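Please open the structure in the viewer and keep the sequence panel at hand. The tour proceeds by selection, one region at a time.

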Amino acid sequence: MPFLIVGVVIVLLIVVSCIKIVPQAQSYVLERLGAYQATWSVGIHFKVPFIDRVARRVNMKEQVADFPPQPVITKDNVTMRIDTVVFYQITDPKLFTYGVENPMMAIENLTATNLRNIIGDLELDQTLTSRETINTQMRAALDLATDPWGIKVNRVELKNIMPPAEIQNAMEKQMKAERERREAVTRAEGEKKAKILEAEGEKESAILRAEADKQSAILRAEAEKEKMIREAEGEAEAILTVQKAKADGIRMLKGAGADEAVLKIKSLEAFEKVADGQATTILLPSELQGIASMAVAFKEGTKAAE
């Protein structure tokens, strides 16, 4: 009886050990009697005891391989060290298991070899400014070489480029000089713009002053013109008022029954005012000359009687 229980327990253990559950993003490579049998994907699987075995558990996620810096020599004989990072993914577990003995070591050696070949065709300046080109060439070369191993290289990045110390110092000095030159150019451009703005401001100010002077002169001329017009209108209105008063006086005399001689004497008085003491000779009509002499005789007779 105890042997039966032990046998049942052993059988159960063997059955349980033959049940395999493959998790997400993994694959199992199954061998039967030492030969490749199948590739298990996600799910539950059963294997034949003592005959089948799981040869390799393969991670199907995208993985990152950060390799140590590799010494390379540029076309102009400058030795530098470059640190590379490779992003890869296993696409065929069978090829990955049986294609190469140590896939990571193989990828590292391939990376170093291709990096030396690519950098050997570039000069130092090109190496420092052509990262994207180097990354593309590296990815294409590695992807082609690792395809028979069931590996796909998605990206290759140059993590760090380390030139020799003396070259790095020279580059830092060059960068400092270039930065100072750019700052000097920026200052010069700023001063130039400031001078241009100042000149434009002075120009605008002069234009505004000239416009103001012009408007002031126009206003003064218009004021003088208005003054002369007003004065002329005033004088004309005064003359018109005087003439109107004289005409009204004559009409009043006529209305009062003054004879023709009185009207003529009034006319002489008007001529006297016209002369205003400035003229030495006044030409009178013939009919007024007799009346004038009579007026003078009457005036002298009046003075003698007094």
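Which residues of the largest nonpolar core touch the most other members? In this predicted model, select Ile82, Val86, Leu115, Ile134 and Met138; these five have that role in a core of 31 residues. Next, colour β8 (79–90), α3 (103–119), α5 (131–146) and β9 (151–162), each of which supplies at least two residues of this core.

Centre the view on Val86. Beyond its neighbours within four places in sequence, Val86 is in contact with residues including Val64, Phe67, Ile107, Leu142 and Val153.

Now isolate α5. Its 16 residues should span 22 Å at 1.5 Å a residue, and the end C-alpha atoms are indeed 22 Å apart, so the two values agree. Select Ile134, Asn135, Met138, Leu142, Asp143 and Thr146, the buried residues of α5. They lie on the same side of α5, because they cover an arc of only 150 degrees around the axis. To see what covers these buried residues, display β8, α3, α4 (124–129) and β9, which are among the covering elements.

Move on to the open sheet of 3 strands, ordered β3-β2-β5 with antiparallel pairing. The edge strands, β3 (35–40) and β5 (52–59), each pair on one side only. On average, neighbouring strands of this sheet are turned by 25 degrees against each other, direction ignored. Select β2 (residues 26–32) together with β5: 7 bridges join these antiparallel strands. One position to inspect is Tyr28, whose bridge partner in β5 is Arg57.

Finally, keep Tyr28 selected and add Val22, Leu30 and Trp40. These four are among the 5 residues of another core, which lies apart from the largest one.

How values were computed
Residues are numbered from 1 along each chain as its sequence is written. This is a predicted model: local features need pLDDT of at least 70, side-chain atom pairs count only at pLDDT 80 or more; totals for chains, interfaces and linings use all residues. Side-chain values use heavy atoms; hydrogens and water are left out. A nonpolar core is a set of buried Ala, Val, Leu, Ile, Met, Phe, Trp, Tyr and Cys residues joined through side-chain atoms within 4.5 Å. Buried means under 20% relative accessible area, exposed over 50%, partly exposed in between (1.4 Å probe, protein chains only). Helices (H or I, at least four residues) and strands (E, at least two) are DSSP runs, numbered from the N terminus. Contact means heavy atoms within 4.5 Å. The expected span of a helix is 1.5 Å times one less than its number of residues. The arc is that of the directions from the helix axis to the C-beta atoms. Two strands pair if DSSP finds at least two bridges between them. Axes are lines fitted to C-alpha atoms, for helices over the stretch in contact, and angles run from 0 to 180 degrees between N-to-C directions.
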